Amino acid sequence: MAVAWTAANPATDPQGAWFEDITQKAGVAAKHTNRSFKNPYAQIMEGYTALGAAAAVADYDGDGFEDIYVTDSKAGGKNHLYHNNGDLTFTDVAEQAGVADGNDEANASADALWFDYNNDGRPDLFLVRFGRSQLFRNLGKGKFGEVTKQAGLDRYSNAITAIAFDYDRDGDADLFVGSYFQPVNIFDPDTPRFFPESFETANNGGGVTVFRNNGKGTFTDVSAKVGIKLSGWTLDLGHGDADNDGDEDLYVAADFGTDRFFVNNGDGTFADQTESAIGIDSKKGMNADWGDFDNDGRLDIYVTNITDDYMREGNFLWHNNGDLTFTDVARETGTHDTGWGWGGKFFDYDNDSWLDLYVVNGWVSAGKESYVPDIFTMVVRPGVDFADLRNWPPMGNKSLSGYQKKKLFHNERGQLFKEEATRHGLDSLRDGRGIAVADFDNDGRLDLFVSNANAEPFLYRNTLPTGAHWVEFLLEGTASNRGAIGAQLRLTAGNKTHFNFVNGGNGFAGQSTLRAHFGLGNSDTIDGVEVRWPSGRKQQFTKLAADNIYKLVEGNPRPALLPAKAGQK
């Protein structure tokens with residue numbers, strides 16, 4: 001039986017704020033702390049490694065409510081697994097689950113990724129770390145066991161990001177890991193020369209590693225074999241089917257040098273088409289999120305860069321032209337300047353059927369004195385070896401592009417975006433890093449969890465008061481990978497067709513829900529939904545009621561309701 005759910009406790013003023021900060025009362029206010037170093041370069045490194053505040057969403061125990069894994073970075077600091085109690089409160093169960101201890105003297109948590117690597121129906125956890133990353137198998141009943149070595153993933157990689165998708169369409173999710181530093185022990189380095197060699201063309205970073213899932217609980221490094229061999233300073237990875245040919249393509253956002261765009265050849269290899277697709281840039285790519293912002297049936301890409309006192313780079317909003325080329329329309333749409341940008345996520349916060357954008361920013365918010373003059377002095381001095389940390393000025397208590405207001409861009413029907421963060425209470429000055437989007441109370445309105453470096457996070461509950469309709473789909477693959485990562489959904493309602501897909505972790509330091517959410521505006525009936533599964537199979541579902549959460553299983557013609565109660569207090 002399908003149950004329609006209506007918004008609980010809506011805001012009384014439709015022109016007022018539509019997001020409520022519930023961080024404290026939800027029980028998710030544990031502060032993130034940056035890593036401190038004890039080596040000779042600590043005063044320099046602590047400013048430049050103000051990273052590691054991340055959040056990843058998944059329903060790890062299958063109770064129908066989305067849970068959150070949140071990282072800390074200090075030595076001995078505990079990571080958090082927040083179990084969703086179903087009433088907009090959470091309980092930290094990381095210790096008893098076995099996933100709290102990710103930070104020691106030789107490793108610092110940087111990001112996290114949920115993906116079902118063994119297709120048993122339970123999301124497993126990949127903890128991305130400076131040092132050695134870890135894979136935790138979900139054993140069920142709230143317990144996890146580390147299987148890093150058995151899986152073939154035990155290596156020193158200084159990773160900062162990871163995504164999962166089935167690049168070869170063999171039925172299991174593969175792992176793509178982006179590393180910032182090269183594999184140097186940054187906690188106890190034996191050389192001072194491991195910083196970027198250039199501000200625009202640095203090629204001495206950690207690059208990207210592609211791990212093919214062998215389907216037997218193990219992975220093999222196939223980076224060179226598939227044609228992805230990079231040594232840039234990777235900050236984020238994002239995947240999507242750019243040409244709608246059924247396989248997933250890859251965008252690499254790189255600091256200190258050009259981003260990269262790889263087209264999936266469909267034969268287990270990729271082709272680097274950066275120059276023809278997006279051109280060569282010298283910016284500081286931080287984020288790669290894919291979404292169809294103009295409802296033309298093609299996935300576009302949003303990349304944050306730096307726009308501040310001394311680097312006026314601006315973001316990219318790459319409009320997909322449909323021929324494996326993209327045009328940057330960030331200036332034209334009003335999404336160009338978000339300060340020192342980090343995570344940026346597409347999501348339809350008002351259910352009007354147009355994807356909006358939320359972007360967090362800010363590098364280091366500290367004392368009143370600015371670090372910019374110090375950087376400028378170093379940059380203009382001739383003959384400086386930027387790779388050598390001894391040539392970088394210490395930051396001390398100075399600020400660098402800190403205390404910046406976050407940005408919420410409302411999509412004005414695919415043409416322009418209107419900035420609405422202040423109105424909706426989302427314009428925090430904390431140093432934002434990751435954004436995890438999910439419907440935490442199953443009421444059809446997308447909520448936000450925001451991780452902040454060296455500060456408490458935010459959990460914002462969406463209290464949209466309008467009567468706009470919606471629908472959500474949780475997909476399960478059978479011939480496809482169990483999590484259905486890469487599945488495409490085309491929904492028709494009110495004589496309009498809308499496009500969404502299941503992504504495996506896109507967006508800097510923030511993994512959002514695997515559910516595909518559609519805002520439907522005034523449409524209360526769904527004419528049809530076409531699902532194209534990663535296996536290539538297509539299915540049609542018709543005459544579905546709006547305002548429901550459905551589970552779709554590959555090959556099963558009957559949608560089922562998500563087994564969860566909604567409309568919580």
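Strands are DSSP runs of at least two residues, numbered from the N terminus. The model described here is predicted. This briefing covers one open sheet of four strands and two pockets, the largest with about 550 Å³ of space and the second largest with about 410 Å³.

**Sheet E22 to E25**

- The strands follow the order E22-E23-E24-E25, and their pairing is antiparallel.
- Strand E22 (341–347) and strand E25 (416–419) are at the edges with a single partner strand each, so one side of each has no neighbour in the sheet.
- On average, neighbouring strands of this sheet are turned by 25 degrees against each other, direction ignored.
- Four bridges join strand E24 (residues 407–412) to E25 in the antiparallel sense.
- Opposite Glu419 in E25 stands Phe409.

**Largest pocket**

- The space in this pocket is about 550 Å³.
- Its lining comprises 27 residues, and Asp59, Gly121, Pro123, Leu474 and Leu475 are the closest to the centre.
- Strand E2 (55–58), strand E6 (108–115) and strand E29 (469–476) are the elements that each give two or more residues to the lining.
- E29 gives the most, with three residues.
- By class, the lining has 13 nonpolar, nine charged and five polar residues.

**Second largest pocket**

- This pocket holds about 410 Å³ of space.
- Of the 21 residues that line the second largest pocket, Asn34, Val364, Ser365, Ala366 and Asn454 lie nearest its centre.
- Eight residues of this lining are nonpolar, eight are polar and five are charged.

Definitions and conventions
Residues numbered from 1 in each chain as written. Predicted model: local features only at pLDDT ≥ 70, side-chain atom pairs only at ≥ 80, totals over all residues. Heavy atoms only, no water. Pairing = 2+ DSSP bridges. Axes fitted to C-alpha atoms, helices over the stretch in contact; angles between N-to-C directions. 1 Å grid on protein atoms, 1.4 Å probe; cavity = no way out; pocket = protein on both sides within 12 Å on 5 of 7 lines; lining within 4 Å. Points joined across faces, edges and corners; volume = space filled by probe spheres on them. Nonpolar A, V, L, I, M, F, W, Y, C, P; charged D, E, K, R; others polar.
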